[in-house]
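Let's take a friendly walk through a protein and look at the spaces inside it. Keep the structure open beside you, so that you can find each residue as it comes up.

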Amino acid sequence: MSAKLDALLQTLDRLEKPATLAELHALLQKLKLTAADLAECMRFADGQYQRNSVRAGRWYHAWVLCWKNGQRSPIHDHRGSACAVQVLRGTLTQTAFAFAPNGHVKATGSEDFPVGSLVLSADQDLHQVSNLQAGDADLVTLHIYSPPLTRMGTYTLTDRTRGEDVWVEERKFVTAFPENSETPVENVQGWVTPNSLFFVRNHFPEPSINRAEWRLQVAGCVERPRTWTWEELTALPQRSVFATVECAGNGRSFLKQVMPGVQWGAGAIGHAEWTGVPLRTVLDQAALKPEAVEILFEGADRGTEADRPAPMNFQRSLPLAKALDPNTLLVTRMNGELLQPNHGFPLRLFVPGWYGVASVKWLQRIEAINAPYRGYYQNQKYTVQRRTTQGVETVVVGPMPAKSEIIRPKAGAALGVGMNRIFGVAWAGEEAVVRVEVSTDGGQSWSQAELIGPRAPYSWVMWEYLWEVAAAGDYTLLARTTDSAGRVQASDHDPLLGGYQITFSRPLQVQVAAGQRAAAQHADAEAILFDMNAFADENSRLPLDVELHFSAGEGI
Ligand SMILES: Nc1nc2c(c(=O)[nH]1)N[C@H]1C(S)=C(S)[C@@H](COP(=O)(O)O)O[C@H]1N2
Ligand SMILES: [Mo]
């Protein structure tokens, strides 16, 4: 990260309340950031202008917006967020609007802002931003919103009512360089996690790969080593698998004892449809020699770690049995769309049921090897210890154990006496979720939740529990799941697991107040459940190039 960008984010991270427009103005004026300072964040899209998140802090959002020629924002306001914009490349055209006497919006003026300009807007300002430059010139702008922008009001020229509010949802950045960001899991409403909201776990800077030049090399203990182009690979029969994937460090920030590594909240998890060629097809064509015992995968990303100063590529291996499983895929599409660069474009391995670390992104080399692989991300990191009769042994993380997560109500929520709905998700790696239980008394007693919505072998399942609360007070909610192998989610984190495999049931405190709000009747609860089911069911069959609805829902 450039020193200027670092200075900007550090100042913003120190905010203890929303910044004023004057403060944002002074900060940007002092730092004079240029396009080069934000080069890593610039990504353009066809169709709509592309919003690239730089960082989401407690009191601000920083975005880089990339506008191809002719791309325009809707006419909008910022619903409570002040916004300072700096033009990093090209000329921005801002059109200001006001309400006409009949309630329509009318343009009141238009102004061009050349590169370097600062443009300020208060939360109620109605405006539109456009790239209307000559030729095909691009526009790149840096936007600081404070407090964070979560909603934009939009308006049209032909309608006097306000348009749909646009929810601005994004991944939550834990670190920006390299990107480590979370799925906004507290807002899950559908079965599938939209690609733009799907968590990203990168150890090194994201490699930029030209698909035409990219090759996959297949080598090692094989009769027929060869290289594949993307076109050759995608001409092979494809297969799709729905699967949940979680980072082995997900939830690390909830551990009582601080463990090194990315301090994930609950959101290093997502569920998608993964499409590609079974790895087995490519290995069969290569013809494994009998001495092959593992398959080693290498990503194109490269870098160093504090305790490993020599540059290395990201590498992991799989035992032969899992590599040859027909559901282990060389993936080119996620939820029907070509992989995005941050999820491993143009090709990644996908190992269903296993922690994310196994699914090597930006795959460039596959090697059949005749002895177990030892390497940094295989044996130094991503290992846990387990007890044996002799003591403890170190094992590489593999399949995800059973785990559940309460999605709603949110921690600290104020609920009313009467019927409340507890909603969550549960998953169990290669096993199936057979049961989810909920406790509303801190683990003394448990009741069975209902599993709802679609089911698929490696997928999380949604569940809900209708909780009739008789008395006001503070309550501690817990959920635990049992898998088809009979394993029950643990109530505490086993210290032998260190900073990985954080599956213990995390208590969630809520307050129930008398007369807080008219308690929903059982019939309402059922109606909402019915909608929920229909919604989830429909989602699972939608053509997968659509972004599924993913909005902030409330428990009833
Ligand atoms: N090449 C490469 N592959 C990688 C990683 C990486 O840093 N480089 N991170 C791994 C880890 S730890 C996880 S959890 C998943 C995350 O996948 P996602 O970023 O697509 O969500 O990718 C895995 N594959
Ligand atoms: Mo991970």
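Before we sort residues into classes, here is the rule: Ala, Val, Leu, Ile, Met, Phe, Trp, Tyr, Cys and Pro count as nonpolar, Asp, Glu, Lys and Arg as charged, and the others, Gly among them, as polar. Please keep in mind as well that this is a predicted model.

**Around ligand 1**

With that rule in hand, look at the shell of residues around ligand 1, which divides into 9 nonpolar, 7 polar and 4 charged. There are 20 residues around the ligand, and those that come nearest are Phe-199, His-203, Asp-301, His-343 and Lys-361. Two strands, β14 (residues 200-201) and β19 (residues 294-305), each supply at least two residues of this shell.

Which side chains place a polar atom 2.7 Å from an oxygen atom of ligand 1? His-203 is one of them, through an N or O atom of its side chain. His-343 also has a polar side-chain atom 2.7 Å from an oxygen atom of the ligand. Arg-348 has a side-chain N or O atom 2.7 Å from a ligand oxygen too. Is the ligand buried or exposed in this setting? Taken alone, ligand 1 exposes 540 Å², and the protein buries 100% of that.

**Spaces inside the protein**

Rolling a probe the size of a water molecule over the atoms shows where empty space is left. Here the count comes to 4 cavities of 30 Å³ or more. The largest cavity holds about 270 Å³ of space. Of the 22 residues that line the largest cavity, Arg-201, Arg-348, Gly-356, Ser-359 and Lys-361 are the closest to its centre. What takes up this space? The largest cavity is the space taken by ligand 1, so Arg-348 and Lys-361 may be familiar to you from the section above.The second largest cavity has about 130 Å³ of space. It is lined by 18 residues, and His-76, His-78, Val-129, His-143 and Tyr-145 lie nearest its centre. The elements that give two or more residues to this lining are β2 (residues 61-67), β5 (residues 92-99), β7 (residues 118-121), β8 (residues 126-130) and β9 (residues 139-146).

**An open pocket**

Let's turn from cavities to a pocket. The second largest pocket contains about 600 Å³ of space. Its lining is made up of 28 residues, with Val-384, Pro-401, Arg-487, Leu-497 and Gln-501 nearest the centre. Two elements, β25 (residues 383-387) and β26 (residues 392-396), give two or more residues to the lining of this pocket. Which element gives the most to the lining of the second largest pocket? The answer is β25, with 4 residues.

The table sets out the linings by class.

| Space | Nonpolar | Polar | Charged |
|---|---|---|---|
| Largest cavity | 12 residues | 5 residues | 5 residues |
| Second largest cavity | 10 residues | 7 residues | 1 residue |
| Second largest pocket | 14 residues | 6 residues | 8 residues |

**Details of the backbone**

Most residues other than glycine have a negative phi, and most peptide bonds are trans. With that in mind, have a look at three places along the chain.

A cis peptide bond joins Ser-146 and Pro-147, with omega about -10 degrees. Pro-147 belongs to the loop between β9 and β10 (residues 151-155). The peptide bond from Arg-408 to Pro-409 is cis as well, and its omega is near 0 degrees. Where is Pro-409 found? Look in the loop between β27 (residues 403-408) and β28 (residues 414-416).

The last stop is Lys-32, a residue other than glycine whose phi is positive, near 45 degrees. You can find Lys-32 in the loop between α2 (residues 21-31) and β1 (residues 50-56).

Note on methods:
Residues numbered from 1 in each chain as written. Chains lettered and ligands numbered in written order. Predicted model: local features only at pLDDT ≥ 70, side-chain atom pairs only at ≥ 80, totals over all residues. Heavy atoms only, no water. Near = heavy atom within 4 Å. Polar contact = N/O pair within 3.5 Å; in protein donor to acceptor, adjacent residues only side chain to side chain. Areas by Shrake-Rupley, 256 points an atom, 1.4 Å probe, with all protein chains shown as cover. 1 Å grid on protein atoms, 1.4 Å probe; cavity = no way out; pocket = protein on both sides within 12 Å on 5 of 7 lines; lining within 4 Å. Sits in = over half its atoms within 2 Å of the grid points. Points joined across faces, edges and corners; volume = space filled by probe spheres on them.
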